[in-house]
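Visitor: Could you take me on a close look at a single part of this structure, the part that lies around the DNA? I would also like to hear how the protein around that part is put together.

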There are 2 protein chains.
Amino acid sequence: MKRPTIADVASRAGVTKAAVSFALNGQPGVSESTRQRILAIAAELGFQPSSAARALADGKAGAFGLVIDRPPRTLGGEPFFIQLLAGMQAELSRDHVSLLFTMAEDQAAEIELYRTWWAQRRVDGVFLVDLQLRDQRIAVLHSLRMPAVAFGSPRGSGGLPVVWQDDVAGVETIVAHLADLGHQRIARVGGIPRYWHTRLRTDAFAQVSEAAGIEAISVESDYTREHGADATRDLLRAAAPPTAIVYDNDLMAVAGLSAAKQLGVDVPADLSVVAWDDSVLCELVHPPITALRRDIVAIGAEGARLLRSVAAGGPGQDLPEPAPELVVRESTGVPRQAVRALSDRPASPRRYRIETRALHMWLYLMAIKG
Amino acid sequence: MKRPTIADVASRAGVTKAAVSFALNGQPGVSESTRQRILAIAAELGFQPSSAARALADGKAGAFGLVIDRPPRTLGGEPFFIQLLAGMQAELSRDHVSLLFTMAEDQAAEIELYRTWWAQRRVDGVFLVDLQLRDQRIAVLHSLRMPAVAFGSPRGSGGLPVVWQDDVAGVETIVAHLADLGHQRIARVGGIPRYWHTRLRTDAFAQVSEAAGIEAISVESDYTREHGADATRDLLRAAAPPTAIVYDNDLMAVAGLSAAKQLGVDVPADLSVVAWDDSVLCELVHPPITALRRDIVAIGAEGARLLRSVAAGGPGQDLPEPAPELVVRESTGVPRQAVRALSDRPASPRRYRIETRALHMWLYLMAIKG
DNA sequence: GCGGTGGACTATACCGGTTAAGTTACCCTC
DNA sequence: GAGGGTAACTTAACCGGTATAGTCCACCGC
């Protein structure tokens, strides 16, 4: 049984290919009764238009592309991308657009792939992730006039439409939580410095903390658990160790938690731990880790809608991603030294959410006493 | 700057489209000098043949498909699929074949997707994962005459070519390791019973253990950490608890480890833990978990080669996947009760690898004394 | 009764490749 | 020097759709 073509449907219906095309695409040019007859025959034969023929005729590939240049071994531990993909798929499958997903060795290979895809007309546009400070990809995409949308920050997108992640809001949520608990000296193990979101979070972390009257420090890493553990050890052995550490991904948070435990540092009494991006990892360990959760599936879907619009020549209006939510678990709490220090605390209230913080403190003290 | 077509190359070279086509595809019909000239012009213009036009002309889509019907949330924690994808990509990109990767809600949706892909000529074949006991997909693929290769067991593939996972070898490796250490009563938390590999592992586990003179029990699960933890608690609270538990995935192994610790069971002194499929998870926890590692990237590449052959009408020779390797970490050891029981052990040697086991035992005893 | 209008289709060109079937020009052979 | 063979191209059909420009005919108004 061969797969039917539009010609089969046409001859079966006693009309020409054009009439069938009109009928199937809702164009005027056929009467309602003929349209119904053609539709019925098409359904009966199981006819679906050939994607290649359609692509050739209308000049659209009917596909978008996503390339990630991270090593598969690292990627495996990152639920982020699978969820992003799921969101894109869900949106794109509604109009039979498919998604080409590939991993590249490095940015040069990624760029080469864009060139190939575009020249071969395999995709109508691409999604960009992991925006970097001086990103080679953006200039290439511009010169190719290849539709693209980025996930990240408008500041790093070089004019490309963006589904933008509000890193400042994320930092504010986390810092506010820690401030509420009474932390005075906090640290952050950031990601790879050449990524824009790392830079933005580092800046936001410094500013938001200062505004809250909290001492803050950021260090860099490469997202691996080794770095997470090393950085944690360094921070905890310092003369004035922080009472809380924020990690830029879940893997490092888990590794940091282990490292702290091995040094005999109790979590959360001596150290609070927060992860950026929630995942099953955060729930698996003891204590489970407080994490900033983003609706990644929704983000993927937004990106897909945006790229569809851009590829159709429509407007490339930047979209904010949904606000992140802090899932508070057992790895964060009132720091032991803050409890001790409560008595000799200066009388003048701090300006940042001091009421809430005081309330939490009070509740905590009640809890110990009771 | 528009993307050049074969006609642009042809006119620039002063020949016809056909000559260009011959030159680019290494066909006879042009002289060597003309071929070089055409190649140079094509390179200069950055010409690449349109995938749609080529697909239309030669009837090949130039793409394969992979559908997974697991919820994205679960998938995120499974490094398996990303690595499988990476292996496929690496192989397929060599001849410019691309990969369509999608997640489906359930098997019905997956099947519907195959129908659509095939009718629209979007793919030349598909990869099948998670073979089930009575798998609806196989009959559909057969009736569509759609090329496909499966990952799993030839027994469950319904005649489809398979890259087959040697579950028996895996079980043997694990059981031998535990037997060497002196375990006499072991358990396994298996996967979802409707999957073929679960069934095969369960059978193999029973048989291999019996051959080794070891008492063994398998229980079922749904791969979630909740099941992993619950099953562990049940097993450890039994009248005669096992001294080792094997888990069908890494997630459950980690959850089981936590559950054991919470019950005050020491790993590895009171309980050895082994995970099927290695990942970063196994290295993150304390103690790090002994795991069966498979070269998943290589498996993906083998599958891609096989599907390419099958889709070209070639032979569908089943391929064994590379033998799995047991990565021994700190979660497995000589069981405390085996050490105690050493003195009143019967004199007659067990037939299964008794020499090795005795050697390990001896080394262990030396270690405690020294 | 005739030009005009519009609905319902048909005929056909076109998208950008591949490929079977010509068409030359040149060389070799007897 | 005519016949045969082959290398090197060209011509043109074809893949399966979409889109534009007809064609045909019924109906309308005056």
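Guide: Here is a walk from the DNA surface outwards to the chain contacts and the helix packing. Please keep in mind that this is a predicted model.

Let us begin with DNA strand C, which has 26 residues around it. The closest of them are A:Ala18, B:Ile6, B:Ala18, B:Ser21 and B:Ala53, so you will want both protein chains on display. Put more plainly, that list of closest residues names A:Ala18 from chain A alongside B:Ile6, B:Ala18, B:Ser21 and B:Ala53 from chain B. As for the elements behind this surface, helix H2 (17–25) and helix H4 (51–58) of chain A, together with helix H2 (17–24) and helix H4 (51–58) of chain B, each supply at least two residues. By class, the surface near DNA strand C has 14 nonpolar, eight polar and four charged residues.

Now turn to DNA strand D. Around DNA strand D there are 25 residues, and those that come nearest are A:Ile6, A:Ala18, A:Ser21, A:Ala57 and B:Ala18. Here too, H2 and H4 of chain A and H2 and H4 of chain B each give at least two residues to the surface. The surface near DNA strand D is made up of 13 nonpolar, eight polar and four charged residues.

From the DNA we can step to the place where the protein chains touch. In this contact, 39 residues of chain B meet 39 residues of chain A. On the chain B side, two or more residues come from each of H4, helix H5 (72–76), helix H6 (79–92), strand S2 (98–103), H7, helix H12 (250–262) and helix H13 (280–284). That side of chain B counts 20 nonpolar, 15 polar and four charged residues.

H7 deserves a stop of its own. In chain B, the axes of helix H7 (residues 107–119) and helix H8 (residues 136–144) come within 10 Å and cross at roughly 15°. With that angle, H7(B) is roughly parallel to H8(B), and their crossing is right-handed. B:Gln107, B:Glu110, B:Ile111, B:Tyr114 and B:Trp118 of H7(B) face B:Gln136, B:Arg137, B:Val140, B:Leu141 and B:Leu144 of H8(B) in this contact. Sorted by class, these residues are six nonpolar, two polar and two charged.

Chain A has its own H7 and H8 for you to look at. The axes of helix H7 (residues 107–119) and helix H8 (residues 136–144) of chain A come within 10 Å, crossing at roughly 15°, which makes H7(A) roughly parallel to H8(A). Their crossing is right-handed.

Further along chain A, helix H9 (residues 167–181) packs with helix H10 (residues 196–211) at an angle of about 45°, and their axes are 9 Å apart. That angle makes H9(A) oblique to H10(A), in a right-handed crossing. Among the residues that make the contact are A:Val168, A:Val171 and A:Val175 of H9(A), and A:Leu200, A:Ala204 and A:Phe205 of H10(A). The full contact holds seven nonpolar, two polar and three charged residues.

Finally, let us step back to chain A as a whole. Chain A has 16 helices and 12 strands. Its radius of gyration is 27 Å, well over the 21 Å that the globule rule gives for 370 residues, so chain A is more spread out than a compact globule. The C-alpha trace of chain A spans about 95 × 45 × 35 Å along its principal axes.

Conventions. Residues numbered from 1 in each chain as written. Chains lettered and ligands numbered in written order. Predicted model: local features only at pLDDT ≥ 70, side-chain atom pairs only at ≥ 80, totals over all residues. Axes fitted to C-alpha atoms, helices over the stretch in contact; angles between N-to-C directions. Helix = DSSP H or I, 4+ residues; strand = E, 2+ residues; numbered from the N terminus. Parallel < 35°, antiparallel > 145°, perpendicular 65-115°, else oblique. Left-handed = near helix turned anticlockwise from the far one by under 90°. Contact = placed C-beta atoms within 7 Å. Nonpolar A, V, L, I, M, F, W, Y, C, P; charged D, E, K, R; others polar. Near = placed C-beta within 6 Å. Rg over C-alpha atoms; globule rule 2.2 N^0.38 Å.
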